[in-house]
Amino acid sequence: MPNKIYSVEDCRLIELPKIINHSGNLTFVESGRHLPYEFRRVYYMYDIPGGAERGGHAHKECHEFLVAISGSFDVQVDDGRSKRKFHLNRSHHGLYICPAMWRTLDNFSSGAMCLVFSSDLYDEKDYWRNYADFIADITADDRGVQE
Ligand code: TYD
């Protein structure tokens with residue numbers, strides 16, 4: 001469990017630098033500078049079929065930042081009490097998602113690509129993949145019961 005109790009209000013859009021050039025634009029991300037954490041892993045989702053839904057999990061410790069590097073999609077975040085929905089459609093904007101946040105990605109446009117900057121290396125033990133387990137742990141945390 002993360003030490004802090006996070007809420008959907010901690011999730012926010014972050015604007016990245018954009019170097020505009022008549023030959024094309026350029027955006028960069030520096031670890032610890034543009035994001036509120038240092039990132040250790042980058043992964044991306046692509047060739048996403050129409051109607052697909054991704055995510056459907058929460059991380060215990062991982063902070064993540066999602067960018068629609070191409071096309072667009074929706075991200076719903078859920079802290080077990082409230083939900084917020086974001087539409088990502090710009091290569092120089094991204095969504096910061098704090099730990100303990102159930103996320104669902106859908107409404108992918110044709111050719112959409114999702115680039116993710118993650119604070120940790122891949123570790124399956126960092127996942128909640130069952131919503132009921134996530135809610136049970138978050139609720140226990142609300143009562144001050146730490147595992
Ligand atoms: P998952 O995180 O469930 O993807 P999504 O966010 O789209 O639901 O990961 C899908 C599969 O890929 C799962 O079997 C774990 C594996 N995976 C890795 O091996 N390394 C990684 O860095 C990531 C993100 C996933």
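Author: A residue is near a molecule if one of its heavy atoms lies within 4 Å of it. By that rule, the residues around the ligand here are R41, Y43, M45, R54, G55, H57, Y122, Y127 and R129. This is a predicted model, where local features need pLDDT of at least 70 and side-chain atom pairs need 80 or more, while totals for chains, interfaces and linings use all residues. Residues are numbered from 1 along each chain as its sequence is written, and side-chain values use heavy atoms, with hydrogens and water left out.

Reader: What makes the ligand's pairing with the side chain of Y127 a polar contact?

Author: An oxygen atom of the ligand is 2.7 Å from an N or O atom in that Y127 side chain. A polar contact is a pair of N or O atoms within 3.5 Å, so this pair counts. The side chain of R129 does likewise, with an N or O atom 2.8 Å from a ligand oxygen. With G55, a polar backbone atom takes part, 3.1 Å from an oxygen of the ligand.

Reader: How much of the ligand does the protein cover?

Author: Of the 520 Å² of accessible area that the ligand has on its own, 62% is covered; such areas come from the Shrake-Rupley method with a 1.4 Å probe. Two elements, β2 (41-45) and β3, each give two or more residues to the shell.

Reader: Why are β3 and β8 called paired strands?

Author: Strands are DSSP runs of E with at least two residues, and two of them pair if DSSP finds at least two bridges between them. Strand β3 (54-59) and strand β8 (102-106) have 3 bridges, so they pair, and they run antiparallel. Across this pairing, H57 stands opposite R103 in β8.

Reader: Which sheet do they belong to, and which strands are its edges?

Author: They sit in an open, antiparallel sheet of 5 strands, ordered β6-β5-β8-β3-β10. β6 (83-88) and β10 (127-128) are the edge strands, as each pairs on one side only.

Reader: And where does β2 stand in its sheet?

Author: β2 belongs to another open antiparallel sheet of 5 strands, β1-β7-β4-β9-β2. Both β1 (12-15) and β2 are at the edges: each has a single partner strand, so one side of each has no neighbour in the sheet. Neighbouring strands here are turned by 25 degrees against each other on average, direction ignored; the axes are lines fitted to C-alpha atoms.

Reader: How do you know that β2 and β9 pair?

Author: There are 5 bridges between β2 and β9 (113-118), which meets the rule, so this is an antiparallel pair. In it, V42 stands opposite F117.

Note on methods:
Helix = DSSP H or I, 4+ residues; strand = E, 2+ residues; numbered from the N terminus. Polar contact = N/O pair within 3.5 Å; in protein donor to acceptor, adjacent residues only side chain to side chain. Axes fitted to C-alpha atoms, helices over the stretch in contact; angles between N-to-C directions.
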